[in-house]
Amino acid sequence: MNKRIFLPILLVMLFVLLFYALTSSEVLYSQNEGDASEDLRKSMQTYKDNYSATDISAAELSSYLDVEVCYLDGDFNVMDVSSERYRVTDKELSTLKNTLTNGTRIYISDSTEKGRSYVNICEKFGDKTVRLSLEIFSRAKVYLSMLPALIIYVCIGVLLSLILSWIVTSFVIRHVKELAINAIGNDKHINAKFVELKPIADVINLKNEHVRNAQKSKDEFISNVTHEMNTPLTSIHGFAELIASGDLPASKIKAAGKTIEAQSERLSAMIKQILNYSAIDDDMLTPYDVDLSKLTNEVLDNFEPVLKDKNITLVRDIQDGVHIMSRHERVTEILDNLVSNAIKYNKQNGKITVTVKDALLVVDDTGIGISQDELKHIFSRFYTVDKSHGENMGFGLGLPIVKKLCDKSGWKLYVDSTLGEGTTFRIDFSQ
Ligand code: ATP
Ligand code: MG
């Protein structure tokens with residue numbers, strides 16, 4: 001039996017029982033007191049109407065009215081009493097006098113015997129004070145009288161808690177377990193038998209969907225990686241085999257060696273990119289203040305020789321002192337990818353404008369542009385618009401890396417492009 005289910009049920013049950021016992025005792029006591037007061041009022045009225053003018057003894061009056069009687073003289077000394085137990089005590093006297101003065105007439109007094117109380121009514125008739133009393137159970141006695149019943153109820157409560165927690169564990173938990181077992185390794189959408197279990201089923205379905213998507217994306221990733229690796233590997237293997245066989249004329253060996261070198265460089269560049277991409281998820285290093293303006297200028301300086309080769313004009317519109325919270329390597333990765341794309345997909349005598357202003361980075365080029373259809377896919381891993389795998393072909397990992405870095409830091413990444421005219425990438429670093 002699950003203690004965590006049994007204990008709360010038991011506690012609730014005990015609380016309810018205790019509450020019930022206390023309130024019903026209180027109701028019982030008040031009712032007792034109310035009834036006695038009412039009877040005493042009636043008895044006092046009867047005395048007033050029929051006996052106040054007579055010298056009837058306390059014992060006689062008590063037998064007629066069925067209440068206890070005590071007469072007091074003008075100095076509040078007991079003159080006559082129906083039974084010694086109902087004699088006005090010294091302790092009670094001041095309450096009696098107060099009651100007479102303020103006109104409430106009714107008061108409660110404790111008996112000399114334990115567990116008993118009296119309800120009293122008193123009234124003055126000339127010098128004589130008449131006090132009529134009825135015995136009731138004291139509060140403590142009423143509570144005590146509830147005790148045996150309470151003990152029986154508590155035992156029943158424990159038993160009921162055991163039964164209830166057994167029902168909960170065996171019925172509810174059984175269905176939850178069933179649901180969980182169904183969910184394991186189940187590709188299909190699972191349905192809850194009861195509407196109460198629907199939120200659990202929804203969470204499991206959502207989780208399963210995440211797992212399926214993650215598995216799918218992993219499968220796609222592996223298939224893309226192997227596919228991309230296959231081309232350079234086939235080429236390396238082919239040329240290596242030719243050289244090893246000795247069939248390749250000496251004049252062609254140098255060219256074959258160059259191809260092997262180029263393809264292995266491509267392979268290692270791809271592996272580096274893949275590692276870069278995967279490392280982003282695990283990167284938990286703390287960000288620090290980065291001078292974006294300074295870093296952008298440094299990265300652009302590195303590209304100057306390539307820009308010169310391609311005769312591309314670079315315009316720097318970089319506001320000084322723009323700072324963001326990040327890390328140098330992350331910002332450098334983003335800048336490298338965007339600027340290298342702007343160069344790679346530019347035209348002869350093209351132009352690149354890099355702007356840094358108010359936590360905004362813009363890389364704009366006058367290159368070949370991207371069609372609206374292709375634009376939707378450029379952030380997907382291994383996606384390249386030109387599928388020819390030509391000499392300058394990339395792996396389609398640069399932009400996914402940029403996107404992943406931006407997403408992780410909460411930066412907004414935008415792209416605009418017109419086919420044949422150019423492309424603009426914008427990153428808003430403000431969060
Ligand atoms: P990698 O960056 O991995 O070496 P890549 O440059 O092909 O390879 P991405 O940077 O992810 O990959 O770019 C994806 C595709 O988007 C590119 O293949 C290219 O077709 C297109 N693209 C990216 N930037 C531009 C740009 N500035 N102008 C035109 N096309 C672009
Ligand atoms: Mg690229």
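Which residue in β5 stands opposite C70? I looked it up in the predicted model: the residue is R131.

**Entry 1: the antiparallel sheet**

I followed the pairing outward from there. Strand β1 (residues 68-72) and strand β5 (residues 128-137) run antiparallel and share five bridges. They belong to an open sheet of five strands, ordered β2-β1-β5-β4-β3, with antiparallel pairing. I noted β2 (78-81) and β3 (106-110) as the edge strands, each paired on one side only. From one strand to the next, the twist averages 30 degrees. I then checked what covers this sheet. Helix α2 (residues 58-65) lies across β1 and β2, and its angle to β1 is about 145 degrees.

**Entry 2: the mixed sheet**

I moved on to another open sheet. Its five strands come in the order β7-β9-β10-β12-β11, and the pairing is mixed. Why does one side of β7 (313-318) and of β11 (412-418) lack a neighbour in the sheet? Both stand at the edges with a single partner strand each, so one side of each stays free of a neighbour there. Neighbouring strands here are turned by 10 degrees against each other on average, direction ignored.

I took the two edges in turn. β7 pairs with β9 (residues 351-357) in the parallel sense, over six bridges. In that region I318 stands opposite V356 of β9. At the other edge, β11 and β12 (residues 422-428) pair antiparallel over seven bridges. D416 has T424 in β12 as its bridge partner. The two strands make a hairpin with three residues between them. In the turn I found G420 with a positive phi of about 85 degrees.

**Entry 3: helix α7**

I tested the length of α7 (residues 292-309). At 1.5 Å a residue, its 18 residues should span 26 Å. The end C-alpha atoms are 26 Å apart, so the two values agree. I also looked for a bend. There is one of about 45 degrees at F303, and a proline, P305, follows within four residues. After the helix comes N311, with a positive phi near 55 degrees. I placed the helix against the mixed sheet: α7 lies across β7, β9 and β10 (360-365), at about 175 degrees to β7.

**Entry 4: ligand 1**

How many residues surround ligand 1? I got 23, the closest being Y345, V385, G394, G398 and L399. By class, the shell holds eleven nonpolar, ten polar and two charged residues. I asked which helices contribute. α8 (328-344) and α10 (398-409) each supply at least two residues of the shell.

Note on methods:
Residues are numbered from 1 along each chain as its sequence is written. Chains are lettered from A and ligands numbered from 1 in the order in which they are written. This is a predicted model: local features need pLDDT of at least 70, side-chain atom pairs count only at pLDDT 80 or more; totals for chains, interfaces and linings use all residues. The expected span of a helix is 1.5 Å times one less than its number of residues. The bend at a residue is the angle between axes fitted to the seven residues ending there and the seven starting there. A residue is near a molecule or strand if its C-beta atom, placed from the backbone, lies within 6 Å of it. Ala, Val, Leu, Ile, Met, Phe, Trp, Tyr, Cys and Pro count as nonpolar, Asp, Glu, Lys and Arg as charged, and the others, Gly among them, as polar. Two strands pair if DSSP finds at least two bridges between them. Axes are lines fitted to C-alpha atoms, for helices over the stretch in contact, and angles run from 0 to 180 degrees between N-to-C directions. Two residues are in contact if their C-beta atoms, placed from the backbone, lie within 7 Å.
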